[in-house]
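Below is a report on the fold of a two-chain model. The sequence and structure come first, and the description follows.

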Amino acid sequence: MGEVMRKPDKPLQVNPFRLTQPMGAALAFLGIDRCMPLMHGGMGCTSFTKVFLTRHFCEPIAIQTTAVTDVTAVLDGGDGSIVEAVQNITKKVAPSLIGLHSTGLTETKGDDLGGVATQVDYPLVYVHSTDYEGGLESGWGKTTKALIEQLVASTDATRPDKAVLLPHVSLTPIEVEKLKDFIAQFGFEVHALPDLSTSLDGHLGEKQSALSSGGITVEAVRDLADAGLVLSIGDSMQPSAAALLKKNPAMRHLHLNHVQGLAATDELVAALLEVSGREEPPASIDRWRKRLQDAMLDSHFSLGQTRILLVGEPDFLAGASQLLSEAGGKVTLALATVDSPQLDRIPADKVMVGDLEDAEALQGNYDLIVGNCHTEALAHRFGKGLVLRGYPSWEVVGNQLKDDLLYEGGAYFLCEVANAAEHMRAAEH
Amino acid sequence: MTRKPKIRELLDESACTHSPTKKNACNAPTPGATTGGCAFEGSQISLFPYADAAHLVHGPMTCIGASWETRLTHTSWPNRDLTQMGFTTGITTNDVVFGGEEKLRSAIDFIVERYAPEAVFVYSTCVTAMIGDDIDMVCKQAAEAHGIPMVPVHAPGFVGSKNLGSRLAGEAVLTHLVGTAEPETSTPFDINLIGEYNVTGDMWQYTPLLEELGIRVLSTLSGDGRVANIRTAHRAKLNVIVCAKSLVSLTRKMQDRYGIPFISVSFYGKRDTSASILAIAEALGDAELVARTKKLIAREEARLEEQLAPYKEVFAGKKAVLNTGGNKSWSIASALQDLDIEVVATSVKKATEADKEKAREYLGEAGILMTNPGQEQAKVIDQTGADLLLAGGRSLFTAIKKKIAFADVNQEKKKSYGGYAGLLNLAEDLKNALQNPVFKNVARRAPWEK
């Protein structure tokens, strides 16, 4: 492990890639079936988020705003605009849940969401998600925790064959599905919270609903506490797991910092074998492990000579850096959106919280970038290889179908990065 | 504080055609039933295309974090394109408690030292407006210290819509830039292009024609714009507003203050392009220029028609239903008609009275004006036998169900549809949409569906 720099020493951010808590909160609510995320802030906060996500997923995004104005910012404690917003939403559609989340504007005012929630006669979950603290990961994590605390019914009964998956925000819809299917192969009925795998997976629906078009149902969320096993993936999901365990202390909790690469997937399989009392995994899992081993060997020559910049959320960096370094990829710089305990676990020469100006200043240290579409200009400017990952990715289609997890996705990812590195080297000559 | 624009005044724009009918209440967004961007976004759209200036957003991360590098506003500025960069003070809890002015001052110093911009625009946002940071004072001091213009832009999101934000951006430019420098030379045919942002290079589709006519673009707000030029804008002979009602306040004030007349034009489609170029020439009031312009228009239209001929064969007899908002309800209709596509219906759901009139004018008596397009459009497609639906993404399934071609009018466009040459791009895209079998193919029933 190399040097870790946690605090930026600049008075500003230049070419920022830190995303915000309200956006993470909105995304989490979009993983609840027929939900209407309601952002408590100015209409621009919501509009920017909607456009951002629409372009990333190429899908209509359900979200509404309390449309706080300069006048209501001063005169209204939030009660007025939130209550009115809920009335206006439910006049047109019947969401299963309203996902109320705040912004920097309304946190500066100091609105009491919990107090307002008691005045709303409609299923509603609220979360404080100011945008001048934390980031996408913590917004998603806090919302998951709020969903658990405010919806899940306590119980002391457990069903040993039921599992709850708590995925961090950087897992794509298809990765959540792959992970659910993987766990299900060990005999579990799996519920993910939040579950983007059936809402933002890019499916052609009969009707383009004004609400989220899939995800875990509110009923299923209420009943989560009888699961025998809770699996949290990513450091940002630990508080959610703790909240769920409070609803039923008899649950067994399994935490993984990530599920990328051979070692981490082995760890998951070993735990699932133990919990399920099985001797061996299904044959297809064994087969995919062999394919990953082969992909590691096939890609090692290219990766071994490639210096990589990884850009993204801490939970993403932890997994991707592990996977790449297992095949000899040299992560020379890992650039994180925010601070996290994960930063200490990243196998990289240098780990820092920063912006893309920092990445530009250190451009001599890497040959290839794995990051969001804001890194594309950087890659072009300095002739670096590029593999697009993370939010936002506006210039390509199929972001929701990317799979880098477990044995299978790991094999795809290593091949993709190695090919991009070779492509880059060929272009240099 | 005296330099801050008066919002109430801007909302009551006397030069607006819809001003007499528009209720004041229209400006207040409805909680839970609002779409569209905020004032900050409007100011960003209007000013960010100045690629030689740094655009520093004084606020928390959402404002610019989610929105930098989103608009394809091209520039010929030879140095680093600062439009495509994001600068923000990214304020934290600490700044909210203790104030963000010091941070802002340091941020400006940092930018000037490292990026040497021609100016810095400083945008206030909801949070920094609420905590009361005095960006006017910081800008004034920074301008004195660095010797370049520092423009405070007072358009925090919560004061209103994108439209209001554009107006506030216009105010900032008028207060701090226009009239602060003199042009090196003047010509009798100097114009300003106002509200043309050169998205996907739209402006460059027609500026070579203006140049050929001897019309000089003195400055722009703000497509391919330069700070040095907008400072001389008060010496123009004519302000040309391109598809942007929001900046009419600015041009009206420039008329009052500097005696510069203004006209409103659009470069979408053949007829509108021709009419706009001619309108500019006529407004400049030179008979010879008008004659030259008419010749040029005839030449360009003939050339365009020749290039459009193969497309028109494809489009012959094709009917389109258009479901979009605002002035697009007629401006796209007009362009489609230029391609010989019959527009059988258009949406007037969000259109103003003037837009509705124009839509009726373009579509004729038989045209259907849909007031509730979401519900009507499927039926209208059946009734009219339309071949093409142009709408937002939510309507895609209607087209698939009806097995007709679909084009997303709201999608971020990658190439220009502006001017004469842009119409060819539109024709190519629509031809591809009509000939693409995907809409029929995805409508296939699964073998297990009855």
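Chain B is divided into domain 1 (7-19 + 33-176), domain 2 (190-301) and domain 3 (309-442); such bounds come from an automatic or database domain assignment. The model is predicted: local features need pLDDT of at least 70, side-chain atom pairs count only at pLDDT 80 or more, and totals for chains, interfaces and linings use all residues. Residues are numbered from 1 along each chain as its sequence is written, while chains are lettered from A and ligands numbered from 1 in the order in which they are written.

**Domains 2 and 3 of chain B**

The C-alpha centres of domain 2 and domain 3 of chain B are 28 Å apart. Domain 2 of chain B puts 15 residues into the contact and domain 3 of chain B puts in 16 residues, where two residues are in contact if their C-beta atoms, placed from the backbone, lie within 7 Å. On the domain 2 side, helix α12 (residues 270-284) of chain B gives the most, with four residues. Helices (H or I, at least four residues) and strands (E, at least two) are DSSP runs, numbered from the N terminus. By class, this side of domain 2 of chain B has four nonpolar, six polar and five charged residues. Here Ala, Val, Leu, Ile, Met, Phe, Trp, Tyr, Cys and Pro count as nonpolar, Asp, Glu, Lys and Arg as charged, and the others, Gly among them, as polar.

**A four-stranded sheet in chain B**

Four strands of chain B form an open parallel sheet in the order β6-β5-β7-β8. Because β6 (216-222) and β8 (262-265) of chain B each have a single partner strand, one side of each is left without a neighbour in the sheet. From one strand to the next, the twist averages 25°. Two strands pair if DSSP finds at least two bridges between them. Strand β5 (residues 190-196) of chain B is joined to the parallel β6(B) by six bridges, and B:Ile194 has B:Leu221 in β6(B) as its bridge partner. Helix α11 (residues 248-258) of chain B lies across β5, β7 (238-242) and β8 of chain B and runs at about 170° to β7(B). Axes are lines fitted to C-alpha atoms, for helices over the stretch in contact, and angles run from 0 to 180 degrees between N-to-C directions.

**Chain B as a whole**

Chain B holds 19 helices and 13 strands. Its C-alpha trace spans about 70 × 65 × 45 Å along the principal axes. The radius of gyration of chain B is 23 Å, which agrees with the value near 22 Å for a compact globule of 450 residues; the radius is taken over C-alpha atoms, and the globule rule is 2.2 Å times the number of residues to the power 0.38. Of the 450 residues in chain B, 52% are buried. A residue is buried if 20 or more other C-beta atoms lie within 10 Å of its own, exposed if 12 or fewer, and partly exposed in between, with C-beta atoms placed from the backbone.

**Where the chains meet**

The contact between the chains takes 47 residues from chain B and 50 residues from chain A. Elements of chain B that give two or more residues to its side include α2 (39-47), α5 (101-115) and α6 (126-130). The residues on this side of chain B divide into 24 nonpolar, 18 polar and five charged. Strand β2 (residues 13-14) of chain A runs antiparallel to β2(B), joined by two bridges, and A:Val14 has B:Phe87 as its bridge partner.

Nine of the nine residues of helix α1 (residues 21-29) of chain A are buried, so the helix is largely enclosed by the rest of the structure. Its buried residues pack against elements of chain A, among them β3 (35-40) and α2 (43-57), and against α3 of chain B.

**The sheet and domains of chain A**

Six strands of chain A form an open parallel sheet in the order β1-β13-β12-β11-β14-β15. Its edge strands are β1 (3-5) and β15 (385-388) of chain A, each pairing on one side only. The twist averages 15° from one strand to the next. Four bridges join β14 (residues 368-371) of chain A to β15(A), and A:Val370 is partnered by A:Val387. Two helices lie across strands of this chain:

| Helix | Strands crossed | Angle |
|---|---|---|
| α15 (residues 375-382) of chain A | β11 (307-312), β14 and β15 of chain A | about 175° to β14(A) |
| α16 (residues 406-428) of chain A | β14 and β15 of chain A | about 150° to β15(A) |

Chain A is divided into domain 1 (21-134), domain 2 (159-282) and domain 3 (285-428). The C-alpha centres of domain 1 and domain 3 of chain A lie 34 Å apart, and six residues of domain 1 of chain A are in contact with eight residues of domain 3 of chain A.
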